Amino acid sequence: MALREGYFLSKEGKTRTIEEINKKIRKGDAQVLTAEEMKKLVESSGVEVAFKEVDVVTTGTFGAMCSSGALVNLGHSDPPIKIDQAWLNGVKVCHPGAAVDLFIGATNMTEKQPYEYGGGHVIQDLVAGKEVELRAMAYGTDCYPRTSIKTTITKDDLNQFYLLNFRNCYQRYNCAVNSSDEIIYTYMNKLLPRLRNATFSGAGELNPLMNDPDYETMGLGTRIFLGGGQGYIIGEGTQHSPKNLNGTLMVKGDAKKMSPEFLQGASFSKYGTSMYVGLGVPIPILNEGLAKKTAIRDSEIFTDIVDYSVPRRDRPKFGQVSYKELKSGSITINGKKVRVSSLSSLKMAKKVAKTLKSWIEEGTFTLTSPIERLPNNTVFKPMRQTEEIPFVVSVMHPAVTCTENEAIRAIAERIVTKSVNHIVVVDEDGKLRGIVTSWDITRAMAEGKKALADIESRNVITAKPDEPLEIASKRMAQHNISALPVIDIERKVLGIITSEDVSKLLGR
Amino acid sequence: MKRILIRVNEEQVSEPIVAEVIIEYRIPAAILSAHINSKGGEIIAEVPDESLDTIVNAFRKRGVTVTVPKLIEVDSEKCFNCGSCVALCPVEAISLDKDCTVQFDKEKCVGSACSICVDACPARAIKSIKPNGANHAGNNKVKIS
């Protein structure tokens, strides 16, 4: 109800209704601008003029949206089968309902080509009209006796083929960097060590939710551009977090009428598969407030620079950055220039907004009033965990250290008196220089080497105090070593963890 | 500047061929990447346009394979212009134009010796083409364009 009241109660009477706009659309004289054009108009002519002249602003985004998928109904085979497990082009799909309904999740991968081909690609292939191989198994019942089936299908063979995305169109997203010494592969793509690159996602000032941040015009029933066809918002997306401008959308649409250009399978090395979704929302300019809101610029939209090398829920941040800076190609972190690139396609986002504009101008797309607006006060909670997991800091103990100018004999004695296997080599500031093991000392004796510099390992694999112990433990196994010095961000040695500590705690 | 791919075999690895050629012909070649072990190796170098023929012939006289590398290919049909690859490229061979279209500069690209962008392309539109076989020393058939 609040929505309707909002339309009519403006004191100056400076409002227009969706019905009025639709009348204009049908007559072919609605004024439609893309979000890009609207910003320029407001800048040059002001909000008042923009409100008077513009009926609808079209927005758009095109990015990797992992919580996407498609619901398909296959129709019944003869004899009928109640599918228990099913694969489409080798991608395992869910069977959440009755006999022949399947849900293709964008992130499910093939076993044959993990990370390369997944549910997103299957959906794209189906949308493109390609034949897809179906393989299914069942346990067999009296009413559904069949236990296996193999066939090929196209979208025309399906009864329903609906895109059903439970979290799309993030209002804004993090900028990702990696402060560790190794390349990491994440859902924010490949991140080079020591902040050598940054990635970001989202269309910034073109994003649908950013142009209507109070969700005045959006909610259940809003007709939208989805995957090159028409779809609907069916509510807030999962993890919708409006208070900190991290709103999301849940959407559906008839995938049979979509286009493979706007729905593309994607591969993220060592992370998984996903799907790029083109999504655009028309924003009716019902009042001056909306005209002003749709004028938002990239320079006003900020996001956090997040360190993805720390595998925790709350990752460390390097401050904030605007979408204007992000789109410029480089940002500054701690005084250092870091090149940044986008994960989502700005070119395609603009194409979405332009296509939606042309549909409205042609009269093939009319606007709808939402039946229920998106919530603007919900909170995205963390998972309730009933078991604590150990972190490096909980098992780390003080490291036995030495400096580079000490004699090997002194170090050998220290290994005996302290009964340890690892001596950490530090400089005068306590910063990590290398590591020496009892084996290195033994070898030095056998080979008659006298200088520490000849035997210490300088390429030291390390751990951070706030890392989960399991991850540090995996690193030890991966490099076939039995201890990790624990260091802080300035490489100061805080302590050491050994495989013995880990096995005591994790029982392996 | 012209870019060349110098490929040495197992026997040539221990000889200072690149150094010899640079000293003898006084050509300021910039080594962009080098991957060498006891079995052979690949070196990508940049040389001034006017020295190209001289340096190619000098290497070939010593039995070393020299080609002009064209080792990264971008499938513009598959590319959906996200631009993920842009900031990864160490030689800034990839950029976004005014239209937000990804532009790939083959002249600047270091080729398959780098390949840093290949596994970062969500559309899998970038392919690294390994030159066939590293063992045809003395092959003079490759035409320098």
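Domain bounds here come from an automatic or database domain assignment. In this predicted model, that assignment divides chain A into domain 1 (2-65 + 165-171 + 181-297 + 341-373), domain 2 (75-158) and domain 3 (392-506). Between the C-alpha centres of domain 1 and domain 3 of chain A there is a distance of 53 Å.

A convenient place to begin is the sheet that contains strands 27, 28 and 29 of chain A. These three strands make an open sheet in the order 27-28-29, with mixed pairing. Strand 27 (401-402) and strand 29 (432-437) of chain A each have a single partner strand, so each is left with one side lacking a neighbour in the sheet. Strand 27 of chain A runs parallel to strand 28 (residues 422-426) of chain A, and two bridges join them. Within this part of the sheet, A:Cys402 is found opposite A:Val425 of strand 28. Helix 9 (residues 408-417) of chain A lies across strand 27, strand 28 and strand 29, and its direction makes an angle of about 135 degrees with strand 28.

Another open sheet of chain A is built from six strands in the order 23-22-11-14-25-24, again with mixed pairing. Its edges are formed by strand 23 (317-322) and strand 24 (330-333) of chain A, each of which pairs on one side only. From one strand to the next, the twist averages 30 degrees. Strand 22 (residues 302-307) and strand 23 of chain A run antiparallel and are joined by four bridges; here A:Asp304 faces A:Gln320 of strand 23.

Several loops of chain A also deserve a look for their backbone geometry. A:Asp78 and A:Pro79 are joined by a cis peptide bond, with omega at about -10 degrees. A:Pro79 belongs to the loop between strand 4 (69-73) and strand 5 (85-88) of chain A. A:Leu195, a residue other than glycine, has a positive phi near 55 degrees and sits in the loop between strand 13 (189-191) and strand 14 (198-200) of chain A. A:Leu195 counts as buried because 21 C-beta neighbours lie inside 10 Å, the cut-off being 20 or more. A:Arg491 likewise has a positive phi, near 70 degrees, and lies in the loop between strand 30 (483-487) and strand 31 (493-498) of chain A. With 16 other C-beta atoms within 10 Å, A:Arg491 is partly exposed.

Finally, chain A meets chain B in a contact that takes 24 residues from chain A and 16 residues from chain B. On the side of chain B that touches chain A, nine residues are nonpolar, four are polar and three are charged.

Definitions and conventions:
Residues are numbered from 1 along each chain as its sequence is written. Chains are lettered from A and ligands numbered from 1 in the order in which they are written. This is a predicted model: local features need pLDDT of at least 70, side-chain atom pairs count only at pLDDT 80 or more; totals for chains, interfaces and linings use all residues. Two residues are in contact if their C-beta atoms, placed from the backbone, lie within 7 Å. Ala, Val, Leu, Ile, Met, Phe, Trp, Tyr, Cys and Pro count as nonpolar, Asp, Glu, Lys and Arg as charged, and the others, Gly among them, as polar. Two strands pair if DSSP finds at least two bridges between them. Axes are lines fitted to C-alpha atoms, for helices over the stretch in contact, and angles run from 0 to 180 degrees between N-to-C directions. A residue is buried if 20 or more other C-beta atoms lie within 10 Å of its own, exposed if 12 or fewer, and partly exposed in between; C-beta atoms are placed from the backbone.
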